[in-house]
Amino acid sequence: MTDELFRRLSAKTRTVTITNATIITRDEHNISRANISSNALKVLYRLNSAGYQAYLVGGGVRDLLLGREPKDFDVATDAKPEEVKEVFRNCRLIGRRFRLAHVFFGRETIEVATFRSKNDAEGRDEHQSDQGMILRDNVYGTIEEDALRRDFSVNALYYGVEDFSIIDYAGGLQDLEMGRLRLLGSPEQRYREDPVRMLRAVRFASKLGFIIDHESESCIAELGHLLDEVPAARLFEEVLKLFMGGTALIAFEKLRHYDLFRVLFPETDEVLRFEEHNFPITFVNRGLENTDNRIADGKPVTPAFLFAVLLWEPVRLLAKELEEEDDLPPIEAMQEAGYEVLKEQLQCVSLPKRFSIPMREIWSLQCRFKRRSGKQAQCLASHPRFRAAYDFLLLRAEAGETDMALADWWTKYQEVDDGERIKMVNALRGSGRSQKRRKPRKKPPVNSGE
Ligand code: ATP
Ligand code: MG
């Protein structure tokens, strides 16, 4: 698709280079207004008619050129945030680190950012941390300066509605054609300014199937530790984008390749290094593959399940240790292990309670699947978190960590009617699988199956 597009482009291209930029005119590219959100177009037209420059930029332009559907549309303008607010009634100014205008249209929000300059011309800036990390970035600039302070060249293409051309200050079109992510400027400096750019490199490489160019990738492993400085809440957002964008498995493999997974999930990374019959890695791989398939099928995915998968191996091992060494009963050991692992994890990547609570339930319920006698199975099946816990059990069974017969039993249990369920539970007694030590009954049960 991309090759074909660019062959077409190159054949026609009569690009005119003016003041450091390459202009790709309307007849030389494939972006049509029909593929752009009408609200984004409204913002561009309205800013233009108020006398400001305004362009679509970032992922919207990049994805349209690649023939992909953009996730959202970002606008860049020479209007200051307060000036944007004057043009739109439905507008709110947000952010401290980056002051932005959000223009609301029902459920769609168009983000409007004022052109910024890199503000580092005179050495270290007062808004940088000791490590060179940018803490505030509100120095406004020209469109060219704005292009050069963006992360990757393919994210620095501008599309305007005045003449429908694309402006390329950074060689982004060529990189797009080559399927290459190239960080603008000195990679080391750009990663130091904002270490999240390393995660963005992995994310775009995974999502677009691009390679990270040699210079931009060679210092990642060495600078990965800088992510420790990034607030845990921002990393949570990035982790969601990495793992819930439909290419979680590739992202995971790339994160491990660049030794960045260790920074995000240190406990999991450590246990993955001691692979036991390949199990933990198979489990995580399957879990992520499952997430990707669900997204491809348009099914919902929840961060709770995703994090439960990613942290399961350290939780499982600690629970085993607590059972064996501290003599804790299985459910208690699991709860304690979940608590401990999560406490450590939250130091790196935050996880809102609305996700951590169901996630701990998914783990705790794993101990209850074996206990099926009496009313236990029925009670478990009506637990609000049963379905997620069952999906989790299936994954464990598929990865060879638990008995497939147990997962199959639960699969069948959900498919049959109440009468059949009672028979299934009663039949367990005969097979000697019942885990619970029961008080002796006075009368033998009817239909015991024995
Ligand atoms: P998508 O929305 O598909 O995830 P995107 O490229 O649009 O991808 P956004 O996070 O929406 O990503 O950011 C919009 C644009 O802002 C980017 O394309 C890039 O030009 C710029 N940008 C975002 N984050 C950074 C950053 N950390 N450093 C430099 N530029 C950035
Ligand atoms: Mg975007």
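**Negative patch.** I looked up which element gives the most to the negative patch in this predicted model. I found that helix H16 does, with 4 residues. I then listed the residues that form this surface patch: Glu321, Glu323, Glu324, Glu325, Asp326, Asp327, Glu332 and Glu336. The elements that give two or more residues to the patch are H16, spanning 303-325, and helix H17, spanning 330-345.

**Glutamate 321.** I next took one of the patch residues, Glu321, and placed it in helix H16. Is this glutamate 321 buried, partly exposed or exposed? I noted a relative accessibility of 39% for glutamate 321. Glutamate 321 therefore counts as partly exposed, because that class lies between the limits of 20% and 50%.

**Strands E4 and E7.** I turned to the pairing of strand E7, residues 108-114, with strand E4, residues 74-77. I recorded that E4 and E7 run parallel and are joined by 4 bridges. In E7, alanine 113 is the residue that stands opposite alanine 76.

**Strands E6 and E7.** How many bridges join strand E6 to E7? I noted 6 bridges between E7 and E6, the latter made of residues 100-105. These two strands run antiparallel. Here I found valine 112 of E7 opposite alanine 101.

**The turn.** I also checked what E6 and E7 form together, and entered a hairpin with 2 residues between the strands. In its turn, I noted that glycine 106 has a positive phi of about 55 degrees.

Note on methods
Residues are numbered from 1 along each chain as its sequence is written. Chains are lettered from A and ligands numbered from 1 in the order in which they are written. This is a predicted model: local features need pLDDT of at least 70, side-chain atom pairs count only at pLDDT 80 or more; totals for chains, interfaces and linings use all residues. Side-chain values use heavy atoms; hydrogens and water are left out. Patches are made of residues with over 30% relative accessible area and no salt bridge: like charges are joined within 9 Å, nonpolar side chains (Val, Leu, Ile, Met, Phe, Trp, Tyr) within 5 Å. Accessible areas come from the Shrake-Rupley method with a 1.4 Å probe; for residues, only the protein chains shown count as cover. A salt bridge is a side-chain nitrogen of Lys or Arg within 4 Å of a carboxyl oxygen of Asp or Glu. Lys and Arg count as positive and Asp and Glu as negative; His and the chain ends are not counted. The place of a charge is taken as NZ of Lys, CZ of Arg, CG of Asp or CD of Glu. Buried means under 20% relative accessible area, exposed over 50%, partly exposed in between (1.4 Å probe, protein chains only). Two strands pair if DSSP finds at least two bridges between them.
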